Structure formats: C-alpha cells, structure tokens
Amino acid sequence: MPRSVETADVAGKRVLVRADLNVPLADGRVADDTRIRAARPTLRWLLDHGAAEVAVCSHLGRPQSDADRTRFAMAPVAERLRSLLPDGRVRVLENTRFDPRETANDPGFARELARGMDVYVNDAFGSAHRAHSSTEAVAHLLPAYAGFLLLDELEHLGRLLGEVERPFVLVAGGAKVDDKLAVLENLGGRADAVLIGGKMAEQVRVANPLSFPVELPLDVVAASSFDADAETQVVDVDAVPDGWLGLDIGPRTARVFAAAVRGARTIFWNGPMGVFEWERFAAGTRAVAEAVADADAYSVVGGGDSVRAIQELGLADRVSWVSTGGGASLELLAGVELPGVAAIPEA
C-alpha cells in the first residue's frame, strides 16, 4: 500500500491534489456529482490539518478540438465543489487534458503543476492506471501521498485478490469479452462460479477464450431489432429467430444467476446482463443487482454500467464496495501494476 495522506505534514503547506472529477455534464452543469463527493474526505482532511492552499487538478472528458475547450472546461465542476466544500483555500485547476503534454507524461508539464507546491496527494484511483503528468510524473517532484479514496479502492479491491470466503461468484456482462479477458482469467480461475451475460456471453459461447468453465444464459429476451420498442419474445438461446437480437438474459437464466449470487460469500460484479437502459430489457440486470444486495457476502460492484444500475435501483448502500475506478479497477484486478500508485512511496 502507498503511504497515506494521514502521515503527511501539511500545516501551512500548499498541496496539489490529483482528484477524479471526471463527471458527466448536462446543459453546462454537473449531472452526477458522485465523484466530486468522493473527493471531499481527502480535501476536508487537508483543510482541517492546516493546509494553506489546496489546488485540485483533474481531467474531464476527452477533449480533442478547440470547441471541446468550452464543453469540457472545469468551471461547472469547480462550482459544484465550492457548494459542497465552501473554503477559499480550495481552487480547481483547468482540465489537465487541455494540455497535450498531460497524456504524454511530459516532465515539463509536471514541473508546471508542481511549481509553488509543497506536497502532492493522488486521490484519483480512476486515473491511476494512466502514466500521465498529473498522475505519475509529478509524484517524483514532490513528497507524494495517497488520498483516502485511492487507499479505500486498493483495500477493497485488493480483498478479491487474496484469500476470500467461499463460494466466490464472479458475474460479468457487457459488450466485449476482450475488455474483461484479463480480469476473468486472473479472478475467474479462483472463483467457484463465473456467470456471464450480456453480449459477451454470445462471444464466449461461440469461442470460449477462457481456461475454466463458465455459466452462460439458458434463455434470452430476443428483439426483432435494436430498438427500445422492438417486438420481443423469450426464447432458449439456441432458438433466437434469424435476424433477431438477444438484448437481455431470460427469466430462467435470471433465476439461476440470482440463486448463485445469493448463495455466495464473496461477489464481484462487472457489467450489465443486457441493454438495461431500456426498461423492457432491464429485468436481468435488476435481478442480479437485487441478488448482490440481498447476499450475505463481501460484494464489490465495478464498471460504469454496473455502478449506474446499482445506484439507480437504490441498492448501493447494501453493497460492500462500489468502485469508481472503471479501467483502473479492471487493471488492478487483472494483476497489472498501476503507475499512479507505484509512483507513491510505500507506507
């Protein structure tokens, strides 16, 4: 584990904090402030322990053009943070990705970020898998520490990599098996059951790239087209009409998956069971989410769509840990070293 911000002497110091403020925007306002709220404990601790200034940097979106400099400006994020943490010592720097040197991990840009600062704190677990100037290079220029969110993510996700209570059930879904292949191999071989739904289940059925057995859907909710209002029917997986699409696991599969999840003592869920954004194809994802919440287990939910589902269903407080990490979570669980973590001295 990297050394904690709690061991840093910040009284009277100017602190540079790399936070994960990459939040969704709508009509120029923050649409979901979950990540901003997650950054507050570290910022609050710094202020309570006498930091003279806290400069917060983050990327926002993937700016590519001049027009994106308006679309992805940090002003709405800064406004929301000020409302949640009204302290004049906190300021939010402009989007780090407005400077192309950021993603190149340019030492010159890192020196500009570090100029005038005394301490560096990385609390952006969601960006810790990127070797960028604000996540990796700057950590070699200032005394570097890990924030509370970063440490919490490492602790909770790390529990899945050690000895776990059994049965250990892994649930995976989404569109592409390639995106999660490394995690499935690293965790799935240790799990007692691996349940796969979503589009990736079709890929695994055709050509299973995994070195262990998995459980695939028995039936699906088939649709005549990829449309929220398409004609539907529940069919066995080998009876999908030509030209139709499986857009959710079927009710029989949902019952089997939910029973396996409810009986688990350790759970990791990443990826929806279907196109859950459309209510007619959300039942499978809802069944898994409710089973995760009901289980007497250590449960971790990761991945944007899974997190969104568990939050929209109001079940997040019944899960042991909801990871904000996205790609960083997957890489950590795949056994990959995270540059933003490795750059911080060990505790």
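These legends accompany close-up views of a predicted model.

**View 1. Five strands side by side in an open sheet.**
In this view, look for 5 strands lined up in the order β5-β4-β1-β6-β7, with parallel pairing. Which strands stand at the edges? They are β5 (90–92) and β7 (144–146), and each has a single partner strand, so one side of each is left without a neighbour in the sheet. As you step from one strand to the next, the twist averages 25°.

**View 2. Strand β1 and its partners β6 and β4.**
Strand β1 covers residues 14–18, and strand β6 covers residues 119–122. The two pair in the parallel sense over 4 bridges. To find your place, pick out Leu16, which stands opposite Tyr120 in β6. Now turn to β4: how many bridges pair β1 with β4? There are 5, and this pairing is parallel too. One bridge to look for links Val17 to its partner Val56 in β4.

**View 3. Strand β4, covered on both faces.**
Is β4 mostly covered or mostly open? It is mostly covered, as 5 of its 5 residues are buried. Glu53, Ala55 and Cys57 lie on one side, Val54 and Val56 lie on the other, and all are buried. This strand also pairs with β5, which runs parallel to it and is joined to it by 3 bridges. Follow Val54 across to β5 and you will meet its bridge partner, Val90.

**View 4. Glu53, a buried residue in β4.**
Where does Glu53 sit? Its place is in strand β4, which spans residues 53–57. Why does Glu53 count as buried? Its relative accessible area is 14%, and buried means under 20%. Leaving out residues up to four places away in sequence, Glu53 touches Lys13, Arg14, Val15, Arg89, Arg91 and Met117.

**View 5. Leu16 in the largest nonpolar core.**
The largest nonpolar core has 54 residues, and Leu16 and Phe268 touch the most other members. Helix α5 (residues 148–158) gives this core its largest share, 5 residues. Which residues surround Leu16, apart from its neighbours within four places in sequence? The contacts are Ala55, Cys57, Leu93, Leu113, Met117, Val119, Tyr120, Val121 and Val138. Two of these names may be familiar: Ala55 and Cys57 are buried on one side of β4.

**View 6. Helix α5, largely enclosed.**
Why can α5 be called largely enclosed by the rest of the structure? The reason is that 8 of its 11 residues are buried. You can tick them off along the helix: Phe148, Leu149, Leu150, Leu151, Glu153, Leu154, His156 and Leu157.

**View 7. A salt bridge between helices α8 and α9.**
Side chains of opposite charge can pair when their charged atoms come close. The structure holds 20 salt bridges. One of them joins Asp294 to Arg262, with the closest N and O atoms 3.0 Å apart. This pair links distant parts of the chain, since Asp294 is in helix α9 (residues 283–294) and Arg262 is in helix α8 (residues 251–262), 32 residues apart. Asp294 counts as partly exposed at 41% relative accessibility, and Arg262 is partly exposed at 39%.

**View 8. Two loops tied together by Arg265 and Asp296.**
Arg265 and Asp296 form a salt bridge whose closest N and O atoms are 3.0 Å apart. Arg265 lies in the loop between α8 and β13 (266–270), while Asp296 lies in the loop between α9 and β14 (298–302), so the pair ties together parts that are 31 residues apart in sequence. Arg265 is partly exposed, with a relative accessible area of 27%, whereas Asp296 is exposed, at 60%.

**View 9. A salt bridge within helix α10.**
Here the side chains of Glu312 and Arg308 meet in a salt bridge, 2.8 Å from N to O. How far apart are Glu312 and Arg308 along helix α10 (residues 304–312)? They are 4 residues apart, so about one helical turn separates them. Glu312 is exposed, with a relative accessible area of 54%, and Arg308 is partly exposed at 36%. Elsewhere, salt bridges that share partners join Arg14, Glu53 and Arg91 into one network.

Terms used
Residues are numbered from 1 along each chain as its sequence is written. This is a predicted model: local features need pLDDT of at least 70, side-chain atom pairs count only at pLDDT 80 or more; totals for chains, interfaces and linings use all residues. Side-chain values use heavy atoms; hydrogens and water are left out. Buried means under 20% relative accessible area, exposed over 50%, partly exposed in between (1.4 Å probe, protein chains only). Contact means heavy atoms within 4.5 Å. A salt bridge is a side-chain nitrogen of Lys or Arg within 4 Å of a carboxyl oxygen of Asp or Glu. A nonpolar core is a set of buried Ala, Val, Leu, Ile, Met, Phe, Trp, Tyr and Cys residues joined through side-chain atoms within 4.5 Å. Two strands pair if DSSP finds at least two bridges between them. Axes are lines fitted to C-alpha atoms, for helices over the stretch in contact, and angles run from 0 to 180 degrees between N-to-C directions.
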